[in-house]
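This briefing is for a reader new to the structure shown below. It begins with a term, then goes through the topics one by one.

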Amino acid sequence: LAVALTLVLGVASYRGLSGHEFSSPGGTLEVALLQGNIPQDEKFQPGTGIADALRWYGEQLTVNSATLVVAPETAIPLLPQQLPEGYWAAMVKPFATAKAGARAQALMIGIPLGTYSQGYTNSVVGIKPNAAPAAADEPVQAYRYSKYHLVPFGEFIPPLFKWFTQMMNIPLGDFNRGAVGQPSFEWQGQRLAPNICYEDLFGEELGARFRDPATAPTIFVNISNIGWFGNTIAIDQHLAISRMRALEFERPFIRATNTGATVIIDHTGRVIQSLPRHTRGVLHGQVQGRTGDPAAGGGITPFAWWVSRFGLWPLWLLAGGIVLVAAWRRRRR
């Protein structure tokens, strides 16, 4: 029941039911979304998937001319310090260096970050002109987002099972968690809000970024690797999740994935461009950001306003109260 009520609040934002749109157009951005189609059983193998990923993504990032280029989750499947010498600097140079007369570009790319002593994160790094190293042991970056909602046993190990990763000597078997409501990556007048893989399932967590209309996202950026699930309905399910979030927040989604669905979704939840699944390619397109006057609500939907302040727990309390009342009435009868 709580989930149903949440969906009702989200769908109420849809212009076909509410009678008007809460947000307004906020400029367009030219994007290139990369889909490497690296087989999951090879993705982390040094002689096959890793070499293939470094070669293909490296080539694409040096030749692409879009204003924003997005590469999927763990597109670079190694820590920065494990990369071949000079690889990262050469790859990000077109984005980090502002050239006279050339159009400025930005990059968002999935890569694990961290060290053995400090721990690791499943992250998105943002690069734009004049970016600099965040620290002496980190790559050049203007922005960093670290995944908050980690998958048990896939990305973090519960306390009673840490012995397993220690015994197996798996250095990336237990990621550190990022924070809820991390700031957006600002580029070309847009506030780009990353989320990694199934984080777009949790609308209340994405909604934390809408508390302040002046900093609310104008575009959501999902980077994913659904290659774990092969050619299954998981791709369609994940696409449907992103479309629902676009409806709830009245914000477009751009999705760069390893195997699909790499798409551009507008603020009404419609897929307006897509790449064939399980193929290697680049999706070129335009995405229109959505915003609003902060003095008039900032283009915030009722769902975004609600979850940014209260989350979903009031709905769970309401659902529990209804169940208790129904049980009490049944017992009286």
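A salt bridge is a side-chain nitrogen of Lys or Arg within 4 Å of a carboxyl oxygen of Asp or Glu. One such contact joins the side chains of Asp52 and Arg280, at 2.8 Å from N to O. This is a predicted model, in which local features need pLDDT of at least 70 and side-chain atom pairs count only at pLDDT 80 or more, while totals for chains, interfaces and linings use all residues. Residues are numbered from 1 along each chain as its sequence is written, and side-chain values use heavy atoms, with hydrogens and water left out.

**The chain as a whole**

- The protein chain has 9 helices and 14 strands; helices (H or I, at least four residues) and strands (E, at least two) are DSSP runs, numbered from the N terminus.
- Of its 333 residues, 51% count as buried; buried means under 20% relative accessible area, exposed over 50%, and partly exposed in between, with a 1.4 Å probe and protein chains only.
- The accessible surface of the protein chain is about 15600 Å², and 59% of that belongs to carbon and sulfur atoms; such areas come from the Shrake-Rupley method with a 1.4 Å probe, and for residues only the protein chains shown count as cover.
- Among contacts in the protein chain (heavy atoms within 4.5 Å) between residues at least 6 apart in sequence, 70% join residues at least 24 apart.

**An open sheet and the helix across it**

- An open sheet with mixed pairing is formed by 6 strands in the order β8-β9-β10-β11-β12-β13; two strands pair if DSSP finds at least two bridges between them.
- The edges are taken by β8 (185–187) and β13 (271–274), each of which has a single partner strand, so one side of each is left without a neighbour in the sheet.
- On average, neighbouring strands of this sheet are turned by 20° against each other, direction ignored; axes are lines fitted to C-alpha atoms, for helices over the stretch in contact, and angles run from 0 to 180 degrees between N-to-C directions.
- Strands β8 and β9 (residues 190–196) run antiparallel and are joined by 3 bridges, and Trp187 has Gln190 in β9 as its bridge partner.
- Strands β10 and β11 run parallel, with 5 bridges between them; here Asn222 stands opposite Arg255 in β11.
- In β11, 5 of the 5 residues are buried, so the strand is largely enclosed by the rest of the structure.
- Phe253, Arg255 and Thr257 point one way from β11, whereas Ile254 and Ala256 point the other way.
- Helix α7 (residues 234–249) lies across β10 (219–224), β11 (253–257), β12 (263–265) and β13, and runs at about 160° to β11.

**Salt bridges**

- The whole structure holds 7 salt bridges.
- In the pair named at the start, Asp52 lies in helix α3 (residues 46–63) and Arg280 in the loop between β13 and β14 (281–291), so the pair ties together parts that are 228 residues apart in sequence.
- Both of these residues count as partly exposed: Asp52 has 21% relative accessibility, and Arg280 has 33%.
- Glu248 and Arg245 meet through their side chains at 2.6 Å, N to O; they are 3 residues apart in helix α7, separated by about one helical turn.
- Glu248 is buried at a relative accessible area of 1%, and Arg245 is buried at 7%.
- Asp266 forms a salt bridge with Arg270, with the closest N and O atoms 2.8 Å apart; Asp266 counts as buried at 11% relative accessibility, while Arg270 is partly exposed at 48%.
- Asp52, Arg55, Glu59 and Arg280 are joined into one network by salt bridges that share partners.

**Aromatic pairs**

- Rings of Phe, Tyr and Trp (its six-membered ring) pair if their centres lie within 6.5 Å; planes under 30 degrees apart count as stacked, over 60 as edge-to-face and the rest as tilted.
- By this rule there are 10 aromatic pairs.
- The ring centres of Trp56 and Tyr57 are 5.0 Å apart and the planes are at 75°, so this pair is edge-to-face; both residues are buried.
- Phe210 and Phe249 have ring centres 4.9 Å apart and planes at 10°, so their pair is stacked.
- That stacked pair links distant parts of the chain, since Phe210 is in the loop between α6 (203–206) and β10 and Phe249 is in helix α7, 39 residues apart.
- Phe210 and Phe249 are buried.
- One aromatic cluster is made up of Phe210, Phe220, Phe249, Phe253 and Phe303.
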